[in-house]
Amino acid sequence: MRIENDIKLGFKDVMIRPKRSTLKSRAEVDLSRNFTFRNSQKNWSGVPVIAANMDTVGTFQMANALAKEGLVTAIHKHYSLQEWDHFLGTPPEGIYEHIAVSTGTGKEDEEKVKTIFQNHPRLEFLCIDVANGYSEYFVEFVQKMRHNFPAKTIIAGNVVTGEMVEELILAGADLIKVGIGPGSVCTTRIKTGVGYPQLSAIIECADAAHGLGGHIISDGGCRIPGDVAKAFGGGADFVMLGGMLAGHAESGGEIVEVDGRKFRQFYGMSSKTAMDKHSGGVAEYRASEGKTVQVPYRGAVADTVRDILGGVRSACTYVGASQLKELSKRTTFIRVAEQHNEVFGD
């Protein structure tokens, strides 16, 4: 047993210090990014925000809506081959560059992914997603997927430390998902005591990835647009969102009505709800590590996207960053004891 005494920080522990700016308007800020990925050598352009690969968020309907804004959707892994074929039968313009095929690491997952890519070779992104990215088996699976799909851009995770980021990049991944336990419907930290404050994880993992020419995705922990700005300011190349994109017309989850108000179900993919739906229940050897909640129905996701991107754009103007890629270079975090005035609630 050992103890690390260095302070580790989450989004609630800091604010971004404003700096002198020559920008006259938020409209001058460019939120698009251009990346060349290390192992696939593919070029990509767009707004680096990703809808999480949860079946209540990463839907085909969400992908259609977000692609129009230049954002990405990690499509959840529970769609059938027939549903994929139907969705891409008449693909919307530009959709291939803005969706990722998600998979687990089982044999059936592997065969399904092969078939999807055979049927739809223009798909570019593969998201290999497990809760714990620290196993040797996971690294070997990433290596196998790189061998099988040398030209695909591979997303792998989740991890929270630099050495594992480096190992996964060297194994063939292009983008590493960073985050263990920060999600709004994740209970891993409660059930296991395992985790890492998200902002420190971003800072440390970005440093490791960028040293090898790789990239990271901050996955989880964002509650408000300011958190998204802090994630980018800390060095994240992409930010993945779950709860902030739940509850919309394009989201998944059952719609229920309570006292005349509409709600949409939102749950973690390790929750009892998800395992009952997709795995025949919670296995005897494990515990549920997710919540199930009812999110107030919020209508079309486009308004929420404008609010999130507007907040990030405004953050850029406060530090004089005319482009999103400049934000991390112009960010100074200050540690704080409070974030905002809550006299009238959050």
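Colleague: Which residue stands opposite Glu-257 in S13?

Modeller: Glu-257 faces Lys-262 of S13. Please keep in mind that this is a predicted model. The pair belongs to strands S12 and S13 (residues 261-267), which are joined by 4 bridges and run antiparallel.

Colleague: How many strands form the open sheet that contains S12 and S13, and in what order?

Modeller: There are 3 strands, ordered S12-S13-S14, with antiparallel pairing. Strand S12 (255-258) and strand S14 (292-296) are the edge strands; each has a single partner, so one side of each lacks a neighbour in the sheet. On average, neighbouring strands of this sheet are turned by 40° against each other, direction ignored.

Colleague: Which strands close into a barrel, and what is the sense of their pairing?

Modeller: The barrel consists of 8 strands in the order S4-S5-S6-S7-S8-S9-S10-S11, and the pairing is parallel. Here the average turn between neighbouring strands is 25°, direction ignored. As one instance, strand S6 (residues 99-103) runs parallel to strand S7 (residues 125-129), with 4 bridges between them. Within that pair, Val-101 is placed opposite Leu-126.

Colleague: Which helices lie against these strands?

Modeller: Two can be described. Helix H1 (residues 60-67) lies across strand S4 (49-51), strand S5 (72-75) and S6, and runs at about 165° to S5. Helix H8 (residues 225-233) packs on the sheet, where H8 touches S4, strand S10 (215-219) and strand S11 (238-241); the direction of H8 makes about 145° with that of S11.

Colleague: What kind of unit do S10, H8 and S11 make?

Modeller: They make a right-handed β-α-β unit. The two strands of the unit, S10 and S11, pair in the parallel sense over 3 bridges, and Ser-218 stands opposite Val-239 in S11. S10 is also joined to strand S9 (residues 175-178) by 4 bridges, again in parallel; there, Leu-175 has His-215 as its bridge partner.

Colleague: How should one read the two faces of a strand such as S10, and are its residues buried or exposed?

Modeller: The general idea is that side chains in a regular strand alternate between the two faces of the sheet. In S10, His-215, Ile-217 and Asp-219 lie on one side, Ile-216 and Ser-218 lie on the other, and all are buried. The count for the strand is accordingly 5 of 5 residues buried.

Colleague: Why does the end-to-end distance of helix H7 agree with its number of residues?

Modeller: Helix H7 (residues 198-211) has 14 residues, and at 1.5 Å a residue the helix should span 20 Å; its end C-alpha atoms are 20 Å apart, so the two values agree. The buried residues of H7 include Leu-199, Ile-202 and Cys-205. Just after H7, Gly-213 adopts a positive phi of about 80°.

Colleague: Why does Ser-45 count as partly exposed?

Modeller: Its relative accessibility is 45%, and the partly exposed class lies between under 20%, which is buried, and over 50%, which is exposed. Ser-45 is located in strand S3 (residues 43-46).

Colleague: Which residues does Ser-45 touch, not counting those up to four places away in sequence?

Modeller: On that basis, Ser-45 touches Arg-33, Asn-34 and His-98. With Asn-34 there is also a polar contact, side chain to side chain, at 2.4 Å. Leu-31 is 14 residues from Ser-45 in sequence, and their C-alpha atoms are 11 Å apart in space.

Key
Residues numbered from 1 in each chain as written. Predicted model: local features only at pLDDT ≥ 70, side-chain atom pairs only at ≥ 80, totals over all residues. Heavy atoms only, no water. Buried < 20%, exposed > 50% of the residue type's maximum accessible area, 1.4 Å probe, protein only. Contact = heavy atoms within 4.5 Å. Polar contact = N/O pair within 3.5 Å; in protein donor to acceptor, adjacent residues only side chain to side chain. Pairing = 2+ DSSP bridges. Axes fitted to C-alpha atoms, helices over the stretch in contact; angles between N-to-C directions. Right-handed = clockwise from strand over helix to strand, strands pointing away. Expected span 1.5 Å × (residues − 1).
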